[in-house]
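Reader: I'd like to learn how to read a fold like this one, feature by feature. Can you walk me through it?

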Amino acid sequence: MEFWYSEKHTNDIKFSIRVERQLYSGKSEYQKIDVFESKEVGRFLVLDEFLMLTEKDEFIYHEMISHVAMAVHPHIKKVLVIGGGDGGVVRELIQYDSIEHIDLVEIDSKVIEVCMEFFPTITQSLQERRVKVYHKDGLRFVRGCQNEYDLIIVDSTDPFGPGEGLFTLEFYGNCYKALKEDGILVNQHESPFYTEDALACQKAHKKIYATFPICKIYQAHIPTYPSGHWLFGFASKKYHPLRDLQEERWNKQKIKCKYYTTTLHKGAFYLPAYVEELLKNVE
């Protein structure tokens with residue numbers, strides 16, 4: 001008998017991966033956690049029945065949520081990562097010698113524990129000396145910060161369950177206060193393709209657009225995410241993601257990437273017409 005993991009993307013569409021074996025299944029205080037192993041995408045992590053990462057394509061998400069801001073802001077020294085218990089964002093950031101400190105706030109310690117066991121090559125980055133891990137609610141944590149971070153990356157789950165508070169106007173306002181005068185906020189922005197997801201994109205964009213003077217959206221192709229078309233938000237007090245791109249400086253650093261390039265960086269901000277229309281309607 002074949003064993004398949006299936007995720008419902010809409011009422012009429014499911015995405016399935018044939019599973020070789022289930023490596024872990026359990027419940028934390030916040031959510032159900034599963035780890036599966038497949039022939040095609042390797043091991044993959046599922047939270048509350050939603051796929052979070054696969055070994056085969058996680059690098060796309062983690063590179064695109066991390067390196068875009070790093071190629072724009074020339075003096076990022078202190079970073080806050082909210083969510084990201086798998087360690088993928090931190091793995092990308094610790095490549096930069098210029099970063100002095102990274103705070104990672106993951107509400108669910110069990111996610112880190114499980115990822116340490118089953119995705120060690122990703123999660124071992126959390127043990128780096130510049131990284132401090134907090135098992136706290138990201139919304140509450142950022143409330144107590146002011147003029148502290150050069151970059152905040154919100155690597156959240158979808159806008160419901162444990163991640164719901166990370167899509168509110170209050171949260172984005174607190175992020176604004178927590179950033180220094182030239183700080184940047186980057187967040188995962190959902191997919192614009194299916195109707196329900198598109199509404200979540202609009203709601204988040206409207207709130208960030210109302211909070212930051214510079215607010216742009218960029219995209220990536222992530223095969224195992226709903227529709228494969230995924231958006232990220234870039235919000236800043238000072239820097240424009242294209243006009244202030246420091247291409248030569250970034251390339252000289254020889255950061256190791258499998259997806260991100262500064263050429264791709266520029267193209268990622270040129271959105272399809274239907275996405276432009278979607279976002280324009282709430283600006």
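Author: Sure. Keep in mind that this is a predicted model. Let's start with one residue: G233 sits in strand 13.

Reader: Is G233 buried or exposed?

Author: Burial is judged by relative accessible area, and buried means under 20%. G233 has 4% relative accessibility, so it counts as buried.

Reader: Which residues is G233 in contact with, leaving aside its neighbours within four places in sequence?

Author: Once those neighbours are set aside, the contacts of G233 are L185, V186, N187, H189, K216, I217 and Y218. For a sense of distance across the model, take D97: its C-alpha is 25 Å from that of G233, and the two are 136 residues apart in sequence.

Reader: Now the sheet. In what order do the seven strands come?

Author: Read a sheet from edge to edge. Here the order is 9-8-7-10-11-13-12, in an open sheet with mixed pairing. The edges are strand 9 (131-134) and strand 12; each has a single partner strand, so one side of each has no neighbour in the sheet. On average, neighbouring strands of this sheet are turned by 15° against each other, direction ignored.

Reader: How many bridges join strand 11 to strand 13?

Author: Five, and the two strands run antiparallel. One pair to look up is V186 with its bridge partner F234 in strand 13.

Reader: Which strands does helix 1 lie across?

Author: Helix 1 (residues 58-70) lies across strand 10 (149-155), strand 11, strand 12 and strand 13, and runs at about 160° to strand 10.

Reader: How do I read a helix on its own, say helix 7? What does it reach from its first C-alpha to its last?

Author: Compare its span with the one expected from its residue count. Helix 7 (residues 195-209) has 15 residues and reaches 21 Å, close to the 21 Å expected at 1.5 Å a residue. Then ask which side chains are hidden: the buried residues of helix 7 are D197, A198, A200, C201, Q202, A204, H205 and I208. The cover over these buried residues includes helix 6 (169-178), strand 11 (179-188), strand 12 (214-221), strand 13 (229-236) and helix 10 (273-280).

Reader: There was a second sheet too. What order do its four strands take?

Author: The order is 3-4-5-6, in an open sheet with antiparallel pairing. Strand 3 (21-27) and strand 6 are at the edges with a single partner strand each, so one side of each is left without a neighbour in the sheet. From one strand to the next, the twist averages 20°. Strand 4 and strand 5 run antiparallel and are joined by six bridges, and S38 stands opposite G42 in strand 5. Helix 3 (residues 109-118) packs on this sheet, where it touches strand 3, strand 4 and strand 5, and its direction makes about 15° with that of strand 4.

Reader: On to charges. How many salt bridges does a search of the whole structure find?

Author: The general idea is that side chains of opposite charge can pair when their charged atoms come close. The search finds 16 salt bridges in the whole structure. One of them joins the side chains of K56 and E40, at 2.8 Å from N to O. K56 is in the loop between strand 6 (50-54) and helix 1, while E40 is in the loop between strand 4 (32-38) and strand 5 (42-47), so the pair ties together parts 16 residues apart in sequence.

Reader: How accessible are K56 and E40?

Author: K56 has 45% relative accessibility and counts as partly exposed, whereas E40, at 54%, counts as exposed.

Reader: Which salt bridge partner counts as buried at 4% relative accessibility?

Author: That is E92. E92 forms a salt bridge with R91, with the closest N and O atoms 2.9 Å apart. Another pair is E128 and R130, whose side chains meet at 3.0 Å, N to O. E128 is partly exposed at 21% relative accessibility, but R130 counts as buried at 8%. Salt bridges that share partners also join R21, E37 and R43 into one network.

Reader: Last one: where is the place of T262?

Author: T262 is in helix 9 (residues 262-268), and it is buried, with a relative accessible area of 4%. Its side chain makes a polar contact of 3.1 Å with the side chain of E247. Leaving aside neighbours within four places in sequence, T262 is in contact with L245, E247, W250 and N251.

How values were computed. Residues numbered from 1 in each chain as written. Predicted model: local features only at pLDDT ≥ 70, side-chain atom pairs only at ≥ 80, totals over all residues. Heavy atoms only, no water. Buried < 20%, exposed > 50% of the residue type's maximum accessible area, 1.4 Å probe, protein only. Polar contact = N/O pair within 3.5 Å; in protein donor to acceptor, adjacent residues only side chain to side chain. Contact = heavy atoms within 4.5 Å. Expected span 1.5 Å × (residues − 1). Pairing = 2+ DSSP bridges. Axes fitted to C-alpha atoms, helices over the stretch in contact; angles between N-to-C directions. Salt bridge = Lys/Arg side-chain N within 4 Å of Asp/Glu carboxyl O.
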